[in-house]
Structure formats: structure tokens, C-alpha cells
Amino acid sequence: KAATAGAVAFGLGVAPAFAGDVDAGEQIFNANCAACHAGGQNVIMPEKTLEKEALDQYLAGGRSEKSVVTQVTNGKNAMPAFGGRLDDEAIAD
């Protein structure tokens, strides 16, 4: 769910066949991600925002749904892993 909220924030244009529950994703994003990524920004590493250009540059694998899911699940650098806190369905939403 955080991934979809993130995907919406990232402007990924997730295909409807793969789209999760956007409302639930927004709630999960707000509860788990917004403290660092409010407004699509990054309070820890300001250059690594959720904007398209930054995702293309910094996200391993580029700006794709798979890359977002991997980052949310496993974390990287200052970003914690949410795989132990959120189940796969929640991350997909």
C-alpha cells in the first residue's frame, strides 16, 4: 500500500491491472513514509526526493513499480526496510 501511495507520489502511472488500493495506500504512506517524504520530499537526504528525475537518478533499477517495491521492502541506506512491518499486500497497495 505504501508502494502504491509512493507510486502515485512518484508519478509512476501504475497499470490498473496491478494497481493496489489507492486509498489504503495513501493511509499507509501517511503512517509510514510521510514523516520523511511529506510532499514528495526527503528530509534526511534532500537530493533524493520522490520526484521523477531523482527517482530515475537514485532509485536502484530506476523509476518503476518493481524498484519502489524493492526499496520499500528492503530499505537502503537511511531508509528502513518495511518488509517486516508491512505485509506484501500492504506494500503492493
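**Core, charge and exposure in a predicted model**

The largest nonpolar core of this predicted model comprises 9 residues: I28, L55, L59, V68, V72, F82, L86, A90 and I91. Two or more of these core residues come from each of α5 (65-74) and α6 (88-92).

Me: What makes I28, L55, L59, V68, V72, F82, L86, A90 and I91 a nonpolar core?
Reply: The set consists of Ile, Leu, Val, Phe and Ala residues. Such residues form a core because they are buried and joined through side-chain atoms within 4.5 Å. In soluble globular proteins, nonpolar side chains tend to be buried together.

Me: Why is the contact between R63 and D56 called a salt bridge?
Reply: The side chains meet at 3.6 Å, N to O. The cut-off for an Arg nitrogen and an Asp carboxyl oxygen is 4 Å, so the pair qualifies. The structure holds 1 salt bridge.

Me: Are R63 and D56 buried, partly exposed or exposed?
Reply: R63 has a relative accessible area of 29%, and D56 has 45%. Partly exposed covers the range between 20% and 50%, so both residues belong to that class.

Me: How do you know that E89 is exposed?
Reply: Its relative accessible area is 54%. Exposed means over 50%, so E89 meets the criterion. E89 lies in helix α6 and belongs to a negative surface patch with D21, D23, E26, D87 and D88. Helices α2 (22-32) and α6 each give two or more residues to this patch.

Me: What is the pattern of elements along the protein chain?
Reply: The pattern is α-α-α-α-α-α, with 6 helices and 0 strands. Of the 93 residues, 38% are buried.

Note on methods
Residues are numbered from 1 along each chain as its sequence is written. This is a predicted model: local features need pLDDT of at least 70, side-chain atom pairs count only at pLDDT 80 or more; totals for chains, interfaces and linings use all residues. Side-chain values use heavy atoms; hydrogens and water are left out. Buried means under 20% relative accessible area, exposed over 50%, partly exposed in between (1.4 Å probe, protein chains only). Helices (H or I, at least four residues) and strands (E, at least two) are DSSP runs, numbered from the N terminus. Patches are made of residues with over 30% relative accessible area and no salt bridge: like charges are joined within 9 Å, nonpolar side chains (Val, Leu, Ile, Met, Phe, Trp, Tyr) within 5 Å. Accessible areas come from the Shrake-Rupley method with a 1.4 Å probe; for residues, only the protein chains shown count as cover. Lys and Arg count as positive and Asp and Glu as negative; His and the chain ends are not counted. The place of a charge is taken as NZ of Lys, CZ of Arg, CG of Asp or CD of Glu.
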